[in-house]
Every structure is written in structure tokens, then in C-alpha cells.
Amino acid sequence: MQNKKQILILAPHTDDGELGCGGSIARFIEEGKDVHYVAFSICTRSLPPHLAPDPLAKEVQVATKLLGIPDSNLVLFDYDVRRFKEYRQDILEELIKLKQRIDPEIVFVPIAKDIHQDHQVIAEEGLRAFKNVSILGYELPWNNLSFNTQCFMKLQEGHIKKKIDALNAYDSQKHRSYLNADFIKSLATVRGVQINSSYAEAFEVVRWVV
């Protein structure tokens with residue numbers, strides 16, 4: 001029986017978990033919870049040809065360490081980007097193994113309405129694999145046509161700083177507009193205003209088990 005509360009972050013691609021709930025990860029670890037991070041693609045076959053094949057594998061190791069996640073709690077797969085639907089059963093079987101090994105109390109996934117096909121697969125198969133487990137859907141505004149702000153995690157400035165520091169570890173992705181520190185802080189500020197807090201991250205409630 002685990003003594004610590006086990007939290008599982010499911011990221012379709014490296015950096016999705018930090019973007020969707022990096023501040024919450026920092027808070028969970030500060031509170032002594034055991035956070036596990038699983039990325040299903042390090043995008044080896046979709047990176048520009050001038051890059052080495054594994055920069056994202058190295059960058060996610062740095063990013064998660066900055067948030068406080070130990071190396072032993074980081075799991076990386078390398079399913080082809082935009083082809084997760086072809087590997088749906090394999091992904092489900094990996095998720096079931098993770099459930100048996102980690103036995104998480106809360107699982108974080110992209111929302112089911114996310115328009116990226118890989119994100120949809122992780123949301124759907126996560127729901128199948130983690131029956132009877134609380135599941136929260138995290139926010140990725142550039143992929144979300146709509147998002148229900150049903151749950152909020154109050155955050156402090158230090159949590160947001162760790163989130164930004166973690167995202168800054170992704171040198172290969174610096175051109176992405178959503179990795180902009182001002183954007184990250186502004187979204188956290190907006191979500192904080194909604195609950196009278198300095199900062200926050202918002203989530204959709206997929207299932208909540210009490």
C-alpha cells in the first residue's frame with residue numbers, strides 16, 4: 001500500500017503535461033505527493049531534419065526534474081505523432097500496466113474535445129484504463145474549441161515560475177507561441193481571477209471519486 005498520494009500525468013507528447021498542469025505538478029510535489037509523468041511520443045520521426053532524433057527526450061528529462069519529478073517517475077514512449085489511433089490498443093495496454101503499477105488516485109489527461117487526434121486517443125483510452133479513478137482534463141487553449149472550468153487548482157507565483165522554467169527547457173520548441181512566458185502567466189492570472197486567487201490552473205472534471 002502506497003503511503004503517498006499517487007498522481008499520474010498523461011502527456012500525449014513531451015511538454016503537454018507541463019503546459020496543461022505544470023503549476024499543479026509543482027504544488028503537488030511541494031505538498032509531498034508522488035507525481036508520475038508519462039509521455040507517449042518524443043516525436044522522433046516528426047522533428048526537422050537538422051535536429052538530432054532525441055532532443056525532446058532529453059528536454060523532458062530536464063523539464064520534469066525542474067518541477068521536482070524524479071527520473072524514476074518519468075516514462076517515455078515513442079508512438080508516431082498524429083498516428084496514435086493506429087496504436088490505440090497498444091496504448092490502452094500500456095495504460096493498464098501503469099494503473100496496476102502506480103495505482104494513482106488522480107489522473108490528468110487532455111480533454112476529450114481537444115482537436116489534436118493524439119490528444120483525443122489519450123483522453124479516451126485513459127478513461128477506459130482508469131475506471132473507478134478520479135480523472136481531470138487539462139487545458140490547452142490552442143487545441144480546445146471549448147473548455148469547462150469545473151475545477152481549479154490555486155497556485156502561487158513560485159509554482160508558475162517553476163512551470164515557466166520547465167517549459168524553457170524545451171529549446172527545440174522555443175518557436176511555439178504557447179511556450180511564451182507572458183502567455184503562461186496571463187492564463188494562470190485569468191484562471192486565478194475566476195476564483196479570487198493570485199494564480200490558478202483550471203480543469204474539466206471527467207470523473208471524481210470521493
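This passage describes the packing of two helices and the surroundings of one glutamine in a predicted model.

In the predicted model, helix 3, which spans residues 88-102, packs with helix 4, which spans residues 117-129, at an angle of about 45°, and the axes of the two helices lie 9 Å apart. Because of this angle, helix 3 is oblique to helix 4, and the crossing in which helix 3 passes helix 4 is right-handed. On the side of helix 3, the contact is formed by Arg88, Ile91, Leu92, Leu95, Ile96 and Lys99, whereas helix 4 contributes Val121, Ile122, Glu124, Glu125, Gly126, Arg128 and Ala129. When the residues of this contact between helix 3 and helix 4 are sorted by class, seven are nonpolar, one is polar and five are charged.

The second site to be described is centred on Gln6, a residue of strand 1, which comprises residues 6-11. Gln6 has a relative accessibility of 3% and therefore counts as buried, since buried means under 20% relative accessible area. The side chain of Gln6 takes part in polar contacts with two other side chains, namely that of Asp34, at 3.4 Å, and that of His36, at 2.8 Å. Asp34 and His36 also appear among the residues in contact with Gln6 once its neighbours within four places in sequence are left aside, and the remaining members of that list are Ile102, Asp103, Pro104, Glu105 and Ile106.

How values were computed
Residues numbered from 1 in each chain as written. Predicted model: local features only at pLDDT ≥ 70, side-chain atom pairs only at ≥ 80, totals over all residues. Heavy atoms only, no water. Axes fitted to C-alpha atoms, helices over the stretch in contact; angles between N-to-C directions. Helix = DSSP H or I, 4+ residues; strand = E, 2+ residues; numbered from the N terminus. Parallel < 35°, antiparallel > 145°, perpendicular 65-115°, else oblique. Left-handed = near helix turned anticlockwise from the far one by under 90°. Contact = heavy atoms within 4.5 Å. Nonpolar A, V, L, I, M, F, W, Y, C, P; charged D, E, K, R; others polar. Buried < 20%, exposed > 50% of the residue type's maximum accessible area, 1.4 Å probe, protein only. Polar contact = N/O pair within 3.5 Å; in protein donor to acceptor, adjacent residues only side chain to side chain.
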